[in-house]
Amino acid sequence: MINMTIAEFYQIFGQVVFVAGILLLVLLSVTLILGRMLIEKDRLIFPKLLLFTMDVFYGLFKKFSESVGVDAKIVDHIGVEVRNKVNEKVFQKIQPKDTIIVLPHCLRHLDCEAKLETSGLVCENCNRCVIGVLKTKGEEMGYKVFIIPGSTFLKKIVEKNKFKGVIGVACFQDLNLGMMELSKFSCQGVPLLRDGCVNTKVDSRAVLEKMGVKLKEAKKLAPKSSCSTDPDKRGSF
Ligand code: SF4
């Protein structure tokens with residue numbers, strides 16, 4: 001009798017696991033399709049579903065993408081796009097004084113002499129890289145600008161500062177995970193055009209536009225290269 005009950009239990013358990021597995025596969029497939037639609041056609045459908053999958057099944061979603069022949073990087077790309085769209089309206093109402101800008105220190109010029117302190121890199125705007133331009137313009141507008149080497153610094157910034165909005169620059173993965181961690185704030189992210197540990201690149205015009213700089217002025221401010229190693233080009237912005 002007991003054996004029968006255990007057998008029945010395992011049978012039901014197996015059926016539940018099977019159905020849950022099928023539902024999970026459907027969820028991941030739908031999220032991937034909707035995410036691609038967002039990236040390729042700029043159409044956002046069921047943002048809450050996308051965020052749910054991203055936040056709860058992040059690792060699994062990456063493995064699933066790879067298993068169906070899609071580069072796992074798409075998961076972070078989708079995450080950044082969804083969070084940008086979902087936060088956009090609220091973010092635009094937040095004043096610069098209530099917003100922080102977080103830039104990665106890998107954008108700095110290879111010859112950068114700025115010192116690293118507890119709040120991050122202390123950029124002196126030597127005119128060698130894009131960080132100086134963004135920091136100067138940002139502070140002029142009332143933003144607090146941080147240039148940080150990693151997520152430990154981000155935690156300290158959150159602890160020590162009061163703010164409502166965040167403009168972040170990072171590679172897709174760091175940006176998505178950072179925006180996930182800061183989900184109680186209104187975040188806008190700009191992904192790096194070229195990532196890595198040093199000599200990275202960002203579309204500075206996109207950052208300036210997130211800051212609310214008008215397109216014409218953003219074009220004038222944006223350097224041609226965010227991290228030129230050519231001495232002739234230094235100071236060209
Ligand atoms: S502008 Fe760039 S290279 Fe110059 S101090 Fe600032 S971060 Fe360093």
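Which residues does Ile131 touch, not counting residues up to four places away in sequence? Keep that one in mind while we take a look at the whole chain; the answer comes with the view of the main core.

**View 1. The whole chain, in a predicted model.** What you see here is a predicted model. The chain has 237 residues, and 35% of them count as buried. Its secondary structure comes to 9 helices and 6 strands. Along the principal axes, the C-alpha trace spans about 85 × 35 × 35 Å. Take the contacts between residues at least 6 apart in sequence: 59% of them join residues that are at least 24 apart.

**View 2. An open sheet of 4 strands.** Reading across the sheet, the order is β4-β1-β5-β6, and the pairing is parallel. The edges belong to β4 and β6, and each has a single partner strand, so one side of each is left without a neighbour in the sheet. From one strand to the next, the twist averages 15°. Helix α4 lies across β5 and β6, and it runs at about 135° to β6.

**View 3. Strands β1 and β4, side by side.** Strand β1 covers residues 99–104 and is joined to β4 by 5 bridges, with the two running parallel. To find your way in, look for Leu103: its bridge partner in β4 is Ile147. Strand β4 itself takes in residues 144–148 and is mostly covered, with 4 of its 5 residues buried.

**View 4. Strand β5 and its two partners.** On one hand, β5 pairs with β1 in the parallel sense over 4 bridges. On the other, it pairs with β6, again in the parallel sense, over 6 bridges. Gly168 is a handy landmark here: this β5 residue is the bridge partner of Val102, and its own bridge partner in β6 is Gly189. A little further along, Val169 stands opposite Val190 in β6. Is β5 covered or bare? It is mostly covered, with 6 of its 6 residues buried. Both faces share in this: Gly165, Ile167 and Val169 are buried on one side, and Val166, Gly168 and Ala170 on the other.

**View 5. The largest nonpolar core, with Ile131 in it.** In soluble globular proteins, nonpolar side chains tend to be buried together. Here the largest nonpolar core has 38 residues, and Ile101, Val102, Leu103, Ile131 and Val207 touch the most other members. The elements giving two or more residues to this core are β1, α5 (130–141), β4, β5 (165–170), α7 (172–181), β6 (186–191) and α8 (204–210). Now back to the opening question: leaving out residues up to four places away in sequence, Ile131 touches Leu103, Leu107, Arg108, Cys123 and Ile147. Two of these names should ring a bell, as Leu103 and Ile147 are the bridge partners from the view of β1 and β4.

**View 6. A second core, seen from Val82.** Apart from the main core there is a second, separate one of 7 residues, which includes Leu50, Phe64, Ile78 and Val82. Val82 sits in helix α4, which covers residues 73–93. Why does Val82 count as buried? It has 26 C-beta neighbours inside 10 Å, and the cut-off for buried is 20 or more. Not counting residues up to four places away in sequence, Val82 touches Leu38, Leu44, Pro47, Leu50 and Leu51. Leu50 is 32 residues from Val82 along the chain, yet their C-alpha atoms are separated by 7.5 Å.

**View 7. The shell around the ligand.** Which residues surround the ligand? They are Arg108, His109, Cys112, Ala114, Cys123, Glu124, Asn125, Cys126, Arg128, Cys129, Ile131 and Gly132. Sorted by class, this shell has 6 nonpolar, 3 polar and 3 charged residues. Ile131, which you met in the largest core, turns up in this shell as well.

**View 8. Two loop residues with positive phi.** Asn125, one of the residues around the ligand, lies in the loop between β3 (120–122) and α5. Its phi is positive, about 50°, although Asn125 is not a glycine. With 14 C-beta neighbours inside 10 Å, Asn125 counts as partly exposed. Phe46 also has a positive phi of about 50° without being a glycine. Look for Phe46 in the loop between α1 (2–41) and α2 (47–56). Phe46 is partly exposed, with 13 other C-beta atoms within 10 Å.

Definitions and conventions: Residues numbered from 1 in each chain as written. Predicted model: local features only at pLDDT ≥ 70, side-chain atom pairs only at ≥ 80, totals over all residues. Buried ≥ 20, exposed ≤ 12 C-beta atoms within 10 Å, placed from the backbone. Pairing = 2+ DSSP bridges. Core = buried A, V, L, I, M, F, W, Y, C linked by C-beta atoms within 7 Å. Contact = placed C-beta atoms within 7 Å. Near = placed C-beta within 6 Å. Nonpolar A, V, L, I, M, F, W, Y, C, P; charged D, E, K, R; others polar. Axes fitted to C-alpha atoms, helices over the stretch in contact; angles between N-to-C directions.
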